[in-house]
Amino acid sequence: MDVFVNRHERKAGRKVGRNKRSAVTANDAKRVSVDAVTALRLLRPTLATLAFLSLFAIIAPLYAQTASIKVDFQREILPILSDRCFLCHGPDEGTRQADMRLDLRNDLLDHVEANSPDDSEIWIRISSNDELERMPPPESNLSLTDIEKELIRQWIEEGANWSRHWSLEPLPKTVEIPEVVDSKWPANPIDRFVLAKLESMEQTPTQVAPRWRWLRRVTFDLTGLPPTPDEIGAFENDLSPEAFETVVARLLSSPRFGEQMAISWFDAARYADSYGYQSDLLSPTWPWRDWVIRAINENLSYDQFLTWQLAGDLLPDATTDQILATTFNRLHRMTNEGGSIELEWHTEYVADRVNTFGTSILGMTFECARCHDHKFDAITHQDYYNLFAFFNNIDEWGMYNDSSRVPTPSLLLPNDEQQRSMSAARMELERAKSAVDDYRASMSSITSVPAEAMNSELQIAPIAAFDFESLVDNKWLTNEICADQPGETGPANILVPGKTGNGIKLTGDDDVSIGKVENGLNPWERFAVSMWVWIPEDLNDVVLLHHTGGTDVGVFGTNLTLFEGKFRFSMSRFWPGNALAIESNRAAKKGKWTHIVIANEATGSADGLQLYVDSVSENHILRDYLTKRPDTGGNGFTLGARFRSAGFKNGIIDELKVFDRPLSAVEVRVLTGTAASDVESRISPSDRAQHALLVDKKYNELAATRAAACKSLLDAQTDILEVSVMREMDQVQVAWVLARGNYDSPRTDSNRAHRIAPSALPPFGDETSNNRLSLARWLTGSEHPLTSRVAVNRLWSNFFDSGLVATMNDFGVQGHRPTHPELLDWLARDFIDSGWDVKRFCKQLVLSSTYRQDSVAQAEAWKTDPKNEMLARGPSRRLSSEMIRDLALSAAGLLNDTPGGPPVSPYQPDNLWQEDNSMTPAYQQSVGTDLYRRSIYTVWKRTAPIPNMLLFDSAGREVCSMSRTATNTPLQALVLLNDPQFVEAARVMAENEIKLRSDDTETSIRSMFMQLTGREPGDQELSLLVEHYKEQLVWFGENPADAEKILAIGQNPVQAGLAKPSIAALTVVAQAILGCDASIWKR
Amino acid sequence: MKALSINRRHFFGQSAAGLGAIALGQMFGDSQPSSPGQIIQPLVPNELGLPHFPPRAKRVVYLFQSGGPSHLDLFDYKPLLNKQNGEQLPDHVRAGQRLTAMSGNQSSIPLAGSHFKFQQYGKSGMWLSELLPKTAEIADDVCFVRSMYTEAINHDPAITFFQTGSQIAGRPCLGSWLSYGLGSECQNLPAFVVLVTANQGDQPLYARLWGSGFLDSRHQGVRFRSGKSPVLYLANPDGICQSGRRATLDKLSALNRLQFERELDPEIESRIAQFEMAYQMQMSVPEVTDVSGEPDSTFEMYGEDARQPGTFAANCLLARRLIERDVRFVQLYHQGWDQHDGLPGAIPVQTKKTDQASAALVRDLKQRGLLDETLVIWGGEFGRTPYSQGKLTADNYGRDHHPRCFTIWMAGGGIRAGTVHGQTDDYGYNIADEKGQPISPEKLVYNPNAVHVHDLQATIMRLLGIDHERLFFKFQGRRHRLTDVHGHVVPELMA
């Protein structure tokens, strides 16, 4: 009996683990859903506590039939093992105790003697009375209930069968549709699955819902809006057999369909209109939002919908929409907080992509494996970073700077007019370039360099020059060219012996401002800057010269830096993805004088940039993509230091000269003093030609024209809407398995990540050159176990009380089992077979008898199946935050159904955005009809979401979310009764009615009731409302000032010529109807 | 109003167990399960088995000082810094720790002695700066913790970590956990109220800091604001008087009653109760926020600022009024401590706003006999560097973020009053052991010399009778806690 032999060892093992073990409470056991079927089957008087008895009294009738079924490992045993044992005996190697794991078949069965519990270590351990023996150990705060132990015993007795976790099983190629007794009820296969289950429990479905109720339900579910009275009337009068299909066809073709169906995807994709952290500035991501709505309306197949979002940029000849779709992976939050560390945040963003991908598409909690192997599911730490490797390969930066600079990589989305100006500017630039090229070709025969170039004096005059010989007033530096534009240094920088005479020695914290020299060192300006620098031994990453704006964390503008010991010269709109940059080939020399020239020919690309180090041209191109002006603002250019950057500490600069055109190599040698040793014959032909061009008047005119064209193009592009997208870098960036998820953990060859499929899932077909496109194709393969199951479950939850798998974000072993596993598989298979057709899916669902059931249920049913898991009645649910507001606007006739475009800003009390955040822009409430746009277009600011939507349980959109709760709180009552949005809508409803029907109050009330609830009021309801109207009319008649006040709420003008007390009284009645369950619930 | 009484009797009479009362309790964070269908239940002991221990405190006021107050200028007296003012922070002190990208690139990191005088107070002999004269007066009621440390170095992640136990968004905050775990003791006010000093500027606050994360949104903090509508949408629209509103609610209640008879969904009954609760809040919130009845002596104690709604002092007074009415958790935020530069000028402005009222709150609760069961916490998300960020001059310095040590204080329920816990090295850079030697505490292992954020959270929960390891919520398949998988109760902080 090795069980006992090993006991001491195991105990020791347990002790070691005690500190690490996450402790939880014993009463958790109660909260873990004990499958009622199981519980009932095991119910024996000796086991049953009083509490259990009363529970069973309720559920017994439901499950009576199933009492004799064998234990199902998958559904009944695995959840117990996972929840109570895997923490120490599961997939995570790091916390595994006694080298024992129960998540793998063979390892588990090693500890089980089939048919013989008393010889099975597992049973011995869980049933032991000895605290040192018993599992789970007391200090884990975990325990097994008697019922659970009994289940495990029975499972062993029955032979200890084993199977894989359901969601990782391949999706069956076909799923058999069950036979049912009542063959009349099912309208389609969905119903056969539902009914089969009900019949097995001797249950019957609820009667069909009244027609109005189905209409209201389906109209909300497919469009997010209530049916209009006309639509209700038309449907009630359409007695044709196709009446239902006609409605569904109408709704599916409505542009409102995409707006409604997009919402749950926006929650999953964490779509918002702001960056999220700290100052939480607005981000222009709405073009992606509009694409999603468009794609759903056009019924883009779901596999394409995913493929475009994951890898649209990698599709052959990708369209603008396909690239735009990839914004999906750029919707994570971003920071611009000062002092942030770029790599740390970069790592966060990629991790967010992995988490969102794992949750929204695979329905697995991948994020648990960021720091260690997953505790419950077969997802390893390595798996996590293998996925990470697909998403880290874009040219991005770990911070954003401000709302005007879009994080790269990005896509320009010009409107027609902008497209025309951009094309025109491009053609102009091409022409200007050709003119230069042609002229250069015509000059190519020049073989001699003018004699003056051989002089030690330059023939070109600088536009600014500083020799750093003396300081005036301890801070002013003489500009030898323009005396009225001196330089200025911080007082701590000092003059020391330089290359010639004095130079300026820098502290690294105090800068030297070169002042407003004519040339701003912009990408469209031709220039050269020459200087001598002396670099101390210990400097490798510092700023030497820059012209950048108020950058705190992002870097943009013109920079000359030392980066990892090499000189780097860049001009950028947003580093690194929207920039021109070159780098020296060799490391800079330390402790010696080095001559540096940076120059720009303003060609619009990196080939115009030049870097000379000690007269040698070193132009290794790093970045060559600039679409917009840097727009640095600020004060000209600066030496030696920059806010929050490492400065040129103890470095010396001397003999700074600025020129308004690039210098030739020959001229550079003049500046370095090596030209004197040149003899005509030693000047290379290319240097000769270059020099001849640069001193040629015509060439300079043509180059200036090209520079101007370059500026025109940048100007034309700068105002164009830009959105962050995915664009694969040429060279694949390596990803590493990061210990404990830390950005700064070691990166070595031994912990590299690889672009392969997670180990628990089928491998990619072709393991070569994997990228996001391979990932998308793998996901949307017809055998993938998760993609379609997760998708149909999410779609299903748009219509029913929850998904068939209630934990929509967790299809892992700790998640809920599907209530109808075969139905889920059938839906998933049918979805794929139909070509991932979302509209077809929705149609099938809303026309099913299951969906058409009434939601009314006897009190007993609300107790036995509160969540309607058995689907023995129709769905019922509180309307979403979007639906509630849109219902009020729609009933008032205020709803502005303009689709798309930048977000709008409806009523919000005061300026909530700045109340707690003075770094964020003020809330600019919309005016006019923009106040009444559909709620999906309301601006979503992550750190301060619009309160009336948050109170109705909108997702916060900071991270991926797969489901919303539906709470009932008093604050919701306050919104419905007091928020100007709803008061105004009630008032406008009242006005419309009075205008239409004068004083036929009863009809008005009926009409308002119909618009808000979709049905006629009952007699008692009507009389209560009429009575309320009368009371209120008396009040407002006596208090006309109050009537004036309530009418003044909201921006929509009051219609002239109507009796104000009547409007006020009817407004109050409309508010009462709006507050009714009948209005804000979908039943 | 006759109609009301009939309706309400009708409504409350529905359940022998008193549905209405229970449902009302549930509106704000009562700990009953929230799923529909489980609303109607006999009143049972707390479903979560709470409290785990006899509570030492029932309520909390957390005076959060956002931005990171300088421990070196308020609480942690370091004469060596004044002595070595201007000298570089020695490498052995920093020991390779990361600095933020704000001062990490400075070519020089000169030590900056505090410009403020320190003196010892109380039986603990706690050194306090001259900026905190009123706090000094309550020293014997306070436990100062000088050995706090955290993990984050930027404001947003640090404050999110402090309030929710995780830098990752989407986790419930302390107040939500308490609302979830302990429920409400108050029938007409929320269990968890948030107050923010108005117009302070500086580092932002975020809805997530008082969000309920994956817990039911009933547990999120309810923000009270100064002005006409202390809770968003609380006030009736212009033109609707309270009797008119009452009449509407009565009709609405009757309509929903009819709907319930039709649908039989218990959720409808909950909705009826919820409208009633809203009505009650319309009465109780203005009542609690109206301080006009407070005697002059109150304002002498809290300072004249307390007459001005939205000031920190006014919020401290309001906190006391909320506590008197059994609100479980009052979370104050006061921004403005992020003194990267110009610290000597800026920090007295802050202490002028906060010192008197913070001390007054403790004193006031004490004289009302409420301090014994109310825990008061004062502190920010991290400390500040002993070296100057930016230029050190004769009359100016700034300090960057410093997560490795900082000071907070606690008073009231269950706290070991009149004590000082923990210490830092001579530079105020590292936490130190009993001998003053720098140490590098690890959150995995309990270290009596150091208090990690999770340790503080664990201790706060312990004082409220909660075992932090046993209050959890299952989300994404795992048991989440405020303290993640860490945290140790610090017995030294408890009486």
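This is a dialogue on reading a predicted model, starting with chain A and ending at its contact with chain B.

Trainee: Where do I begin with chain A, and how many helices and strands does it have?

Mentor: Begin with the overall inventory. In this predicted model, chain A has 40 helices and 22 strands. Its C-alpha atoms fill a box of roughly 110 × 95 × 55 Å along the principal axes. Of its 1083 residues, 63% count as buried. Among contacts in chain A with a separation of 6 or more, 72% are between residues 24 or more positions apart.

Trainee: How should I read a strand, and which strands does E12(A) pair with?

Mentor: Look at the partners, the direction and the link. Strand E11 (residues 557-563) of chain A runs antiparallel to E12(A), with seven bridges joining them. In that pairing, Asn559(A) stands opposite Ser570(A). The two strands make a hairpin with two residues between them, and Glu564(A) in the turn has a positive phi of about 45°. E12(A) is also joined to strand E13 (residues 578-583) of chain A, by six bridges and again antiparallel. There, Ser572(A) is opposite Ala579(A), and the hairpin passes through three residues.

Trainee: Why is E12(A) described as largely enclosed?

Mentor: Burial is judged residue by residue, with under 20% relative accessible area as the cut-off. Eight of the nine residues of E12(A), which spans residues 566-574, are buried, so the rest of the structure largely encloses this strand.

Trainee: Take a single residue, Thr561(A). Is it buried or exposed?

Mentor: Thr561(A), in strand E11 of chain A, has 13% relative accessibility and so counts as buried. Next, list what it touches beyond its sequence neighbours. Leaving out residues up to four places away, Thr561(A) touches Val542(A), Val543(A), Leu544(A), Lys566(A), Phe567(A) and Arg568(A). Separation in sequence and distance in space are read as two numbers: Thr561(A) and Val616(A) are 55 residues apart in sequence and 18 Å apart in space, C-alpha to C-alpha.

Trainee: What about a helix, and how many residues of helix H7 of chain B are buried?

Mentor: An α-helix has 3.6 residues a turn, so residues three or four places apart point the same way. For H7(B), residues 155-164, 10 of the 10 residues are buried, so the helix is largely enclosed by the rest of the structure. The buried residues include His155(B), Asp156(B) and Gln163(B), along with Phe161(B) and Phe162(B). After H7(B) comes Gly165(B), with a positive phi near 80°.

Trainee: Now the interface. How many residues does each chain bring to the contact?

Mentor: Take the extent, then the chemistry. Chain A brings 110 residues and chain B brings 96 residues. Between them they bury about 8,600 Å², with 54% of that on carbon and sulfur atoms. Asp916(A), Asn968(A) and Pro970(A) supply 8% of the area chain A buries against chain B, more than any other three residues.

Trainee: And how many salt bridges and polar contacts lie between the chains?

Mentor: There are 14 salt bridges between chain A and chain B. One of them joins the side chains of Asp265(B) and Arg1083(A), at 2.9 Å from N to O. Polar contact is found for 49 residue pairs across the interface, with both residues at pLDDT 80 or more. On the chain A side, helix H37 (residues 1019-1038) gives the most, with 10 residues. The residues of that side divide into 44 nonpolar, 36 polar and 30 charged.

Methods: Residues are numbered from 1 along each chain as its sequence is written. Chains are lettered from A and ligands numbered from 1 in the order in which they are written. This is a predicted model: local features need pLDDT of at least 70, side-chain atom pairs count only at pLDDT 80 or more; totals for chains, interfaces and linings use all residues. Side-chain values use heavy atoms; hydrogens and water are left out. Contact means heavy atoms within 4.5 Å. Buried area is the accessible area (1.4 Å probe) that two parts lose on being put together, summed over both. A salt bridge is a side-chain nitrogen of Lys or Arg within 4 Å of a carboxyl oxygen of Asp or Glu. A polar contact is a pair of N or O atoms within 3.5 Å; within protein, one must be able to donate a hydrogen and the other to accept it, and residues adjacent in sequence count only if both atoms are side-chain atoms. Helices (H or I, at least four residues) and strands (E, at least two) are DSSP runs, numbered from the N terminus. Ala, Val, Leu, Ile, Met, Phe, Trp, Tyr, Cys and Pro count as nonpolar, Asp, Glu, Lys and Arg as charged, and the others, Gly among them, as polar. Buried means under 20% relative accessible area, exposed over 50%, partly exposed in between (1.4 Å probe, protein chains only). Two strands pair if DSSP finds at least two bridges between them.
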